[in-house]
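Work through the exercises below with the sequence and the structure open. Each task is followed by a solution in steps.

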Amino acid sequence: MKKLSLGLAMAAIATGAQAYWMPTPEITSEVSENGKTTIEWTYDDSEVCTYFQVIVYKMHKAQEDGRFVLASSDFSHIESEGTINNHQERGALWDYLPDNPGWWVRSPLYMGNAMGIDTFNYFAGSDNSDIFGGAYMVSPDYDLTNLSDKTVNVSASLAAEAVSVSGGFCIWAWNTNWSDPTNIDYKPITTLDHHYTLSTTNFKTVEEACAFPDVADYTDPDEIDEINGICPERTRVMFYGRGYSSYWINNFEVSVNMKKGETVDYGAAIYQTEENSFVIDTSGDTDTDYTYAYEVRAVREDYDDYRDLTTVRATNYAYNAPKRVIGQTTGIGSTDLDGSNIDIRVAAGRISISNAEGLDTRVYSTDGACVFEGASDSEITLPAGIYIVKTGTNSAKVVI
């Protein structure tokens, strides 16, 4: 029997005074037609918002067996005179990776072509009141459900500013195995926590194949419950450090192993707007890479007089509110044109329609071909892909 340590190899991060969240924009409308998806939202402006970020995710369908890169960066977008042992601090509470949509950095520091994490803001604790309250670089949710091999491959070049600093990465996943059902949250998969002693003069290259634990390898009921509670559709990679100065990442790559026909989602684009609406252009979608979901985040920037620059001081990073899948947004799953409250959504790989008695349904593929025609109460099962569902005068874009 393998032994799975249920104690956190990386202690949960307790909420600190700096763990500041902006209000989350509330999506009020989603309409998909003519190769575009138009979204609208409202925002609680009790907290000033400088602009909104719309992050678009795509679904990739493998055409052959192989490895697919979810995210990678050499941080070439960072220009700074900082060094490993003399970092630059720009006063930001947050930063994002423009070349990896959906990735955010909490308490960032800088040097040329490297991202630093201020490990002084690492808060160790065990109550898990806010695991994202400290300092880290973290990915968006990745949906690994459709992968037969749920191994996350991570490679990176890491260094430390001082000998007191160590760092690494771990795989987090949403987990339903909590004693308090009102506090269900992300948990680190402790068998997938990799932490290193780092050099203060040279970057150390590390590479790990992070395979999810197999419940068949365990007999302890608590360990089995822990593994069964993992939700692979909400899997994240987190780089974190411990100490009292900078933990550096010079480059990184995150990838998964795929078999032909399997699917996985990834951050495809990031946009900025000051409006409360945005049009996502999906006309370039293909059967192998198609627009799948989106997030809308509120961002506030302040001018830092001391450093003479504008910096991201606050953002909403609603870690417990995953990305919105187009066509499956709660409450607005369909484009309701006749007031009939028809609801079109996908569950367990099937399209289901409610409140549409007596109406016929047609389903179209992205190339305009009708792939289903029948009663709205029919069981609609189709191959994985993106479709337009029309029932009466209502329509919705869905992803299977």
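Two strands count as paired if DSSP finds at least two bridges between them. The model used here is predicted.

**Exercise 1. A hairpin**

Task: State in which sense strand 20 and strand 21 pair, and over how many bridges.

Solution.
- Step 1. Locate the two elements: strand 20 covers residues 289-304 and strand 21 covers residues 309-315.
- Step 2. The two strands are antiparallel and share six bridges, and the cut-off for pairing is at least two.
- Step 3. Take one bridge as an example: Asp 302 is partnered by Thr 311 of strand 21.
- Step 4. Look at the turn. Four residues lie between the strands of this hairpin, and Asp 308 has a positive phi near 60 degrees.

**Exercise 2. A three-stranded sheet**

Task: Give the strand order of the open sheet of three strands, then explain why one side of strand 2 and of strand 19 has no neighbour in the sheet.

Solution.
- Step 1. The order is 2-3-19, and the pairing is antiparallel.
- Step 2. Strand 2 (26-33) and strand 19 (277-281) are the edge strands; each has a single partner strand, so one side of each is without a neighbour in the sheet.
- Step 3. From one strand to the next, the twist averages 20 degrees.
- Step 4. Check one of the pairings: strand 3 (residues 36-42) and strand 19 run antiparallel and are joined by five bridges. Within this pair, Thr 37 is bridged to Ile 280 of strand 19.
- Step 5. As background, strands of a sheet pair through backbone hydrogen bonds, in either the parallel or the antiparallel sense.

**Exercise 3. Cysteines**

Task: Find how many disulfides the model has, and say whether Cys 170 and Cys 210 are buried or exposed.

Solution.
- Step 1. A disulfide requires two cysteine sulfur atoms within 2.5 Å. The count is zero.
- Step 2. For Cys 170, the nearest cysteine sulfur is that of Cys 210, at 9.1 Å, and Cys 170 is in no disulfide.
- Step 3. Buried means under 20% relative accessible area. Cys 170 has 0% and therefore counts as buried.
- Step 4. Cys 210 also has a relative accessible area of 0% and is buried. By contrast, Cys 370 has 41%, so it is partly exposed.
- Step 5. Place Cys 210 in the fold: it lies in strand 15 (residues 204-210). Beyond four places in sequence, its contacts include Val 152, Phe 169, Ile 171 and Leu 192.
- Step 6. Compare sequence and space for one pair: Cys 210 and Asp 193 are 17 residues apart in sequence, and their C-alpha atoms are 8.6 Å apart.

**Exercise 4. The nonpolar cores**

Task: Which residues of the largest nonpolar core touch the most other members?

Solution.
- Step 1. This core has 45 residues, and the ones with the most contacts to other members are Trp 103, Met 137, Phe 239 and Phe 252.
- Step 2. Strand 17 (residues 246-258) supplies the largest share of the core, six residues.
- Step 3. Follow Met 137: beyond four places in sequence, its contacts include Phe 75, Trp 103, Phe 239 and Phe 252.
- Step 4. A second, separate core has 24 residues, among them Leu 93, Val 138, Val 312 and Val 325.

**Exercise 5. Two positive phi angles in loops**

Task: Where are Phe 75 and Asn 113 found, and is each buried or partly exposed?

Solution.
- Step 1. Phe 75 is in the loop between strand 5 (66-73) and strand 6 (94-96). Its phi is positive, about 55 degrees, although Phe 75 is not a glycine.
- Step 2. With a relative accessible area of 0%, Phe 75 is buried.
- Step 3. Asn 113 is in the loop between strand 8 (108-111) and strand 9 (114-118). Asn 113 is not a glycine either, and its phi is about 60 degrees, again positive.
- Step 4. At 38% relative accessible area, Asn 113 is partly exposed.

**Exercise 6. The whole chain**

Task: How many helices and strands does the protein chain have, and what share of its residues is buried?

Solution.
- Step 1. The chain has one helix and 29 strands.
- Step 2. Of its 400 residues, 53% are buried.
- Step 3. Among contacts between residues at least 6 apart in sequence, 74% join residues at least 24 apart.

Technical notes:
Residues numbered from 1 in each chain as written. Predicted model: local features only at pLDDT ≥ 70, side-chain atom pairs only at ≥ 80, totals over all residues. Heavy atoms only, no water. Axes fitted to C-alpha atoms, helices over the stretch in contact; angles between N-to-C directions. Buried < 20%, exposed > 50% of the residue type's maximum accessible area, 1.4 Å probe, protein only. Core = buried A, V, L, I, M, F, W, Y, C linked by side-chain atoms within 4.5 Å. Contact = heavy atoms within 4.5 Å.
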